[in-house]
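Thanks for making the time this morning. I would like to walk through one structure with you, and I will try to keep to what can be read from the coordinates.

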Amino acid sequence: MSETADIVVVGGGIIGCSVVYHLAQLFEPSVRIVLCDRGPIAGATSGSCMGHLMVTPDDPQAYALTRTSVDLWRELHDRVAGFDYNPTGALYLADDEADVELFDVLRQQFVDRGDSADLLDPKQLRELEPGLAEDLPGALFYPGDGVVLPMLACGAMLRGARQRNPNVIVRPHCAVTGFERDGDRIASVVTERGSIATTTVVNTCGVWAPMLAELLGVQRLPIHPRAGNLAITGHHVSPIRTQLLEVGYVRFAHARTEVDPTGASGDPGGHAVNMQPQTNGGCLIGSTRQFCGMQKQVNRELLWRSLARAERYAPGIAVAPIVRTWVGLRPYSEDNRPLIGPWPDIPGLWIAAGHEGLGISMAPVTGLLLAQQLAGEAPTVDVTPYLPGRFAR
Ligand SMILES: Cc1cc2nc3c(=O)[nH]c(=O)nc-3n(C[C@H](O)[C@H](O)[C@H](O)COP(=O)(O)OP(=O)(O)OC[C@H]3O[C@@H](n4cnc5c(N)ncnc54)[C@H](O)[C@@H]3O)c2cc1C
């Protein structure tokens with residue numbers, strides 16, 4: 001195989017699929033876009049994760065990014081459909097009165113962004129979610145969140161791309177193994193099925209983004225795998241109907257870590273509960289965080305602790321059959337912000353990676369921002385904090 005493409009996107013997870021979707025919308029249908037993945041589409045992290053579409057209000061930039069993206073998910077569902085999308089909102093839960101104080105902090109953050117969230121007393125909480133423990137001291141309800149099934153969403157994005165542009169080519173089971181250069185510039189992408197002549201490459205390889213960049217001589221792209229253990233129940237046994245998470249989750253999950261992200265110092269890991277109702281009536285339960293390299297063996301102790309927390313909030317989980325457990329690898333960037341934009345030292349190399357535990361939430365806005373930069377259009381959200389050049393030396 002020897003072919004040409006205007007743009008080659010490498011990595012068919014949720015980020016690569018969203019990049020392809022938005023490139024297809026912004027560029028003329030004559031533009032040839034090839035997506036390569038070494039495995040199946042959504043076969044890596046995007047097929048081993050949860051699908052909480054989460055708006056994070058902790059700072060104005062993160063809010064702008066996540067709010068815009070979660071809105072884009074709704075538009076995508078209206079336009080393309082064909083994937084599970086459930087705008088349940090999110091319930092932040094407290095274990096005791098000490099946790100309740102965090103509700104005010106979080107609620108105020110939403111208010112500061114011009115948004116709102118509602119405090120529920122124990123009676124209102126029980127009315128909304130009768131399957132929760134009777135002694136819970138209330139909750140904070142944020143109506144803007146939702147849940148998607150990421151694997152089907154990847155397929156929907158690619159269908160939507162091809163509807164607009166028949167020159168979108170999707171090539172699973174086609175690993176990129178190298179590049180050819182013409183001076184500084186990229187001249188072609190070498191795959192295990194032949195070369196594709198192109199001057200523009202988008203690296204959407206998630207935790208493997210550093211390895212792909214290294215093939216182009218980028219010595220250090222600071223993205224590290226952060227493992228998460230998950231468990232799912234059988235169908236039709238979920239004790240809950242709303243996306244739930246314990247209020248401490250926000251601090252635990254979205255802060256920049258104090259732990260060595262290379263995993264070299266032996267991260268003991270941690271957990272905070274996140275529970276997601278599935279459209280089949282099952283319940284997906286997460287989620288732990290641990291830097292332990294690329295290994296994907298279930299950490300039984302961490303997962304067990306996570307399940308015990310789930311039972312604390314929703315006692316019915318104790319009797320629900322757990323039918324599968326597994327591990328996914330979040331792509332954590334060293335400042336816990338994604339990289340979206342050009343790599344300054346190599347003309348033609350673009351990066352969209354490093355979304356840690358919010359890649360599903362942020363996928364639509366990431367694809368849009370990358371496509372807008374490539375098309376020379378003004379970005380919908382300020383991209384400055386996300387430009388990969390902050391890590392270039
Ligand atoms: C346990 C867990 C729970 C999560 N829960 C949520 C959640 O509720 N909400 C949320 O927003 N996010 C969540 N996330 C985060 C989210 O899953 C990730 O941020 C997102 O899936 C990353 O997508 P990606 O496309 O960057 O990477 P991936 O999905 O890993 O895609 C990268 C692709 O690149 C391909 N690739 C690599 N090297 C090559 C090569 N040389 N040639 C060709 N292809 C290559 C791989 O095969 C892979 O398919 C969770 C993650 C985990 C692990």
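I will begin with the domains, move to the ligand, and then turn to two helices and a few individual residues.

A word of caution before anything else: what you have in front of you is a predicted model, and every value I quote is computed from it.

Let me start with the overall division. The protein is split into domain 1, made of 2–76 + 150–222 + 335–391, and domain 2, made of 90–143 + 224–333. If we take the centres over C-alpha atoms, domain 1 and domain 2 are separated by 28 Å. As for how they meet, 27 residues of domain 1 are in contact with 26 residues of domain 2, and on the side of domain 1 that touches domain 2 the residues divide into 13 nonpolar, 10 polar and four charged.

Now, where does the ligand lie with respect to domain 1 and domain 2? Both domains give residues to the shell around the ligand, so the ligand lies between them. That shell holds 44 residues, and the closest of them are Gly-13, Gly-206, Gly-228, Gly-328 and Gly-359. Several elements give two or more residues to the shell, namely helix H1 (14–26), strand E15 (223–233), strand E18 (283–289), strand E19 (322–333) and H9. E19 gives the most, with four residues. If you are thinking about the chemical character of this shell, its residues by class are 19 nonpolar, 21 polar and four charged.

One of those strands deserves a closer look at the backbone. The peptide bond from Gly-286 to Ser-287 is cis, with omega near -5°, and Ser-287 has its place in strand E18, which is also among the elements that give two or more residues to the ligand shell.

Next, helix H9, which covers residues 359–375. H9 has 17 residues and reaches 23 Å from its first C-alpha to its last, close to the 24 Å expected at 1.5 Å a residue. Even so, H9 bends by about 35° at Val-365. Most of H9 is covered, with 14 of its 17 residues buried, and just after H9 the chain comes to Gly-376, which takes a positive phi of about 75°.

The other helix I want to show is H2, residues 60–79. H2 has 20 residues and reaches 28 Å from its first C-alpha to its last, close to the expected 28 Å. Its buried residues are Leu-65, Thr-66, Arg-67, Ser-69, Val-70, Leu-72, Trp-73 and Leu-76. As a reminder when reading that list, an α-helix has 3.6 residues a turn, so residues three or four places apart point the same way. What covers the buried residues of H2 includes E4, E5, strand E9 (146–148) and H9.

Just after H2 comes Ala-81, with a positive phi of about 55°, a positive value in a residue other than glycine. Ala-81 lies in the loop between helix H2 and strand E5 (85–86). Is Ala-81 buried or exposed? With 11 other C-beta atoms within 10 Å, Ala-81 is exposed.

Asn-336 is a second residue other than glycine with a positive phi, again near 55°, and it is found in the loop between E19 and strand E20 (339–342). Asn-336 is partly exposed, with 19 other C-beta atoms within 10 Å; the cut-off for buried is 20 or more.

Finally, two residues with partners elsewhere in the chain. Ile-351 is found in strand E21, residues 349–353, and counts as buried, with 29 C-beta neighbours inside 10 Å. Leaving aside its neighbours within four places in sequence, Ile-351 is in contact with Asn-203, Ala-209, Leu-339, Gly-341, Trp-343 and Pro-388. The C-alpha atoms of Ile-351 and Gly-206 are separated by 9.8 Å, although their positions lie 145 residues apart along the chain, and Gly-206 is one of the closest residues to the ligand.

Gly-43, in turn, lies in the loop between strand E3 (33–36) and strand E4 (52–53), and is partly exposed, with 17 other C-beta atoms within 10 Å. Its C-alpha atom is separated by 10.0 Å from that of Ile-14, 29 residues apart along the chain.

Key: Residues are numbered from 1 along each chain as its sequence is written. This is a predicted model: local features need pLDDT of at least 70, side-chain atom pairs count only at pLDDT 80 or more; totals for chains, interfaces and linings use all residues. Domain bounds come from an automatic or database domain assignment. Two residues are in contact if their C-beta atoms, placed from the backbone, lie within 7 Å. Ala, Val, Leu, Ile, Met, Phe, Trp, Tyr, Cys and Pro count as nonpolar, Asp, Glu, Lys and Arg as charged, and the others, Gly among them, as polar. The expected span of a helix is 1.5 Å times one less than its number of residues. The bend at a residue is the angle between axes fitted to the seven residues ending there and the seven starting there. A residue is buried if 20 or more other C-beta atoms lie within 10 Å of its own, exposed if 12 or fewer, and partly exposed in between; C-beta atoms are placed from the backbone. A residue is near a molecule or strand if its C-beta atom, placed from the backbone, lies within 6 Å of it.
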